[in-house]
Amino acid sequence: LLDDGWFGNKYPRNDDHAGLGDWQAMKCKLPGGIPKLVEFAKQAGIKFGIWIEPEMVNPKSELYEKHPDWAITLPNRKTYYFRNQLVLDLSNPEVQDFVYNVVDSILTENPSIAYIKWDCNSPITNIYSNYLKDRQSNLYIDHNRGFYKICERVRAKYPHIPIMLCSGGGGRCDYGALKYFTEFWCSDNTDPVERCFIQWGFSQVFPCKLMCAHVTSWNKKSSIKFRTDVASMCKLGFDIGLKDLGADEIKYVQQAVANWNKNKDVILEGDQYRLISPYDTESSHMAVNYVSKDKKRCVLFAYNILPRYQSKAFPCRLQGLERNKKYKVTEINLMPNTESNLKENGRVFSGDFLMKVGIEPFSFVHMTSKVIEINQV
């Protein structure tokens, strides 16, 4: 994914003070434009995605010079800038056309673009629409309806392209918009400890198939295994420099991705059961399990977050299994050259036992985890 900073010529987007609204590739950075990057990606055997924030504008931009009235600004008041930008007035049909054409132009020029990250990094400030004039009370409603109208046009022409709904992390994950988007970005905070709480909370309202969870370099005190295992309970992705990983870490990541792909139908389409909450201050552990619709396959994620003290081992009782069926317990996502220390590993239990007695996947070592397959035999 090519992120922010690729556009603007008169006002280059070298930081967040300029260029937003001028969606032309920056010639000094990208002399071949986006098409050349798409070509390089294809040669490397990977798909190419791009970041956009088409609803926003920097005052230092050609767009703002031509259409200052398109920005939501309050007359006769000092303008407040959030992240040095303003929000375009989507209640205005001309602005809707502009935003749609930003997306359409990029995809028309680069039909093999495989993914879009659609960002929105500012709330509406300076609440006033130059377009609505004496109908200011309509602004929020008409602005959102304008956004949906743009989305409808994009989806009508590009029904299959994956688009992430992003907003500075978690600020725009509404079901109305999710009719048009494939997924949303839960938070810019990708620390795996914080993500346990974030993903637990979001899962109360949103299915995990919508929740992007990426492995990053945040919290380097945690292992690549813990970071990956936390992200694997949702829609797994990576925003990390592979060159910074050791040989065993690379092998682990490759195997973890293979395991996630093998189980993604259970994780993304199965029934989720929240077993142990990270908000339980006595344990500082977390567990969720997913069960396939036919109840033959189950994946358990168990996390030791930051236990404050060591107490007796305690069970994790699963949910959603068939009581009278037999299930084999297998720990996966193991680091190379290590063996599972799960005492139930490789053994077969009834669904009734697993739900009433349970297994013991937890330890008291900070930021460690287990991923366990429980499959009917």
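Strands here are DSSP runs of E at least two residues long, numbered from the N terminus. On that basis, in this predicted model, Asn289 sits in strand β10, which covers residues 285-291. Asn289 is a polar residue worth a look: its relative accessible area is 0%, so it counts as buried, the cut-off being under 20%. Its side chain has a partner there, reaching the backbone oxygen of Gln319 at 3.0 Å. Setting aside residues up to four places away in sequence, Asn289 touches Asp271, Gln272, Tyr273 and Leu275, then Cys298, Val299 and Leu300, and finally Leu318 and Gln319.

Leu300 turns up again in the nonpolar packing, as one of the 20 residues of a core that also includes Ala302, Cys316 and Leu354. That core lies apart from the largest one, which has 89 residues. Inside the largest core, the residues with the most contacts are Trp6, Trp118, Phe181 and Phe184. Helix α3 (residues 93-109) supplies the largest share of this core, with eight residues. As for Trp6, its contacts beyond four places in sequence take in Trp23, Gln24, Ala25, Met26, Leu30 and Ile34, along with Ile50, Trp51, Ile52 and Ile106.

Now to α3 itself. At its start, a side-chain oxygen of Asn92 comes to within 2.9 Å of the backbone nitrogen of Glu94. The helix has 17 residues, and at 1.5 Å a residue it should span 24 Å; the end C-alpha atoms are 24 Å apart, so the two agree. Buried positions in α3 are Val95, Gln96, Phe98, Val99, Tyr100, Val102, Val103, Asp104, Ile106 and Leu107. An α-helix has 3.6 residues a turn, so residues three or four places apart point the same way. The buried residues of α3 pack against two strands, β1 and β4 (115-118), and against two helices, α2 (62-66) and α4 (139-157).

Both of those strands belong to an open sheet of six, arranged in the order β1-β4-β5-β6-β7-β8 with parallel pairing. Its edges are β1 (49-52) and β8 (235-238), each of which pairs on one side only. From one strand to the next, the twist averages 35°. At the β8 edge, the partner is β7 (residues 211-215), and the two strands are joined in the parallel sense over four bridges. Within this pair, Cys212 stands opposite Lys235 of β8.

Conventions
Residues are numbered from 1 along each chain as its sequence is written. This is a predicted model: local features need pLDDT of at least 70, side-chain atom pairs count only at pLDDT 80 or more; totals for chains, interfaces and linings use all residues. Side-chain values use heavy atoms; hydrogens and water are left out. Two strands pair if DSSP finds at least two bridges between them. Axes are lines fitted to C-alpha atoms, for helices over the stretch in contact, and angles run from 0 to 180 degrees between N-to-C directions. Buried means under 20% relative accessible area, exposed over 50%, partly exposed in between (1.4 Å probe, protein chains only). A polar contact is a pair of N or O atoms within 3.5 Å; within protein, one must be able to donate a hydrogen and the other to accept it, and residues adjacent in sequence count only if both atoms are side-chain atoms. Contact means heavy atoms within 4.5 Å. A nonpolar core is a set of buried Ala, Val, Leu, Ile, Met, Phe, Trp, Tyr and Cys residues joined through side-chain atoms within 4.5 Å. The expected span of a helix is 1.5 Å times one less than its number of residues.
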